[in-house]
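I opened this model to look at its overall build, one of its helices and two backbone oddities. My entries follow the order in which I looked things up.

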Amino acid sequence: MIKDSELDALIICKKCHKLHKVEQLKHGEIATCSLCNTVLYSCDQDIIKKGLALSIASLIFLFLTNLFPLVQVDFLGSEQYVTITKTIITLSHEGFWFVALMVASLIFVSPIIIISLYITLFMLIYLKRNKDAARKMLILLGYILPWHMSDIFLISILVALVKLIGFVQINMGVAFFSLLVFVIINLYITRAMPMHTLWFQYQKNFKDEKDD
Ligand SMILES: [Zn+2]
């Protein structure tokens with residue numbers, strides 16, 4: 001039976017599924033597939049530090065998004081502040097449990113799990129501690145990343161606001177802008193630090209460590 005550590009030394013091309021042996025790269029180098037030229041992984045010595053800083057910033061913006069008003073609505077002279085938390089509570093009080101659950105998981109539960117995973121993972125790789133836990137986190141991250149849909153939440157808010165403009169006066173609140181920054185940071189993390197690059201960095205940092 002093939003051991004996990006032996007499998008870790010191999011990487012599969014996402015496009016053509018050709019198997020390659022992971023080679024050590026120098027800073028700034030990129031490994032591509034020998035068949036279809038797709039980027040397999042890259043080496044950036046600062047990626048773990050950058051990832052850690054960006055994940056912490058992203059966590060701060062996520063809390064701001066959930067604490068402050070998303071929009072201020074002026075309707076027939078009365079002012080209403082809409083916060084995400086208040087919206088979730090109102091939806092559940094009105095009996096829309098499923099919608100409340102979806103909004104809560106989309107904008108709070110799933111992002112907080114993913115960002116906490118990122119922070120812990122980057123810290124473990126940076127400090128070269130607990131190789132086995134870092135490995136399990138990378139596998140878990142691969143499974144749950146497709147559920148990171150805060151960008152879709154932002155787009156649905158924009159669509160709702162466009163429909164409301166003309167009926168009521170809307171002013172964007174602090175949470176709207178922090179949600180925007182949160183989504184941009186997260187898009188950057190997933191684009192600039194794809195899973196295969198994280199796996200490569202994991203192998204590079206733990207190459208002298210034995211399996212736990
Ligand atoms: Zn390929």
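The entries below go from the whole chain to a single helix and then to two loop residues.

**Ground rules.** I am working from a predicted model, in which local features need pLDDT of at least 70 and side-chain atom pairs count only at pLDDT 80 or more, while totals for chains, interfaces and linings use all residues. I number residues from 1 along each chain as its sequence is written.

**Whole chain.** I counted secondary structure first and found 8 helices and 7 strands in the protein chain, where helices (H or I, at least four residues) and strands (E, at least two) are DSSP runs numbered from the N terminus. The radius of gyration is 21 Å, well over the 17 Å that the globule rule gives for 212 residues, so the chain is more spread out than a compact globule; the radius is taken over C-alpha atoms, and the rule is 2.2 Å times the number of residues to the power 0.38. Along the principal axes, the C-alpha atoms fill a box of roughly 70 × 35 × 30 Å.

I then looked up burial, and buried residues make up 20% of the 212 residues. A residue is buried if 20 or more other C-beta atoms lie within 10 Å of its own, exposed if 12 or fewer, and partly exposed in between, with C-beta atoms placed from the backbone.

**Helix α5.** This helix (131-144) has 14 residues and reaches 20 Å from its first C-alpha to its last, close to the 20 Å expected at 1.5 Å a residue, the expected span being 1.5 Å times one less than the number of residues. I noted Ala134, Arg135 and Met137 as buried in α5. Seen down the axis of α5, its buried residues fall within an arc of 160° (that of the directions from the helix axis to the C-beta atoms), so they line one face of the helix. Those buried residues pack against α4 and α8 (195-205), whereas the face turned away from the buried side carries the exposed residues Lys136, Ile139, Tyr143 and Ile144.

**Positive phi.** Which loop holds Lys128? I found Lys128 between α4 (97-127) and α5, with a positive phi of about 55° although it is not a glycine. Lys128 is partly exposed, with 13 other C-beta atoms within 10 Å.

His17, also not a glycine, has a positive phi of about 65° and lies in the loop between β1 (10-12) and β2 (19-21). I entered His17 as exposed because it has 10 C-beta neighbours inside 10 Å.

Definitions and conventions:
Two residues are in contact if their C-beta atoms, placed from the backbone, lie within 7 Å.
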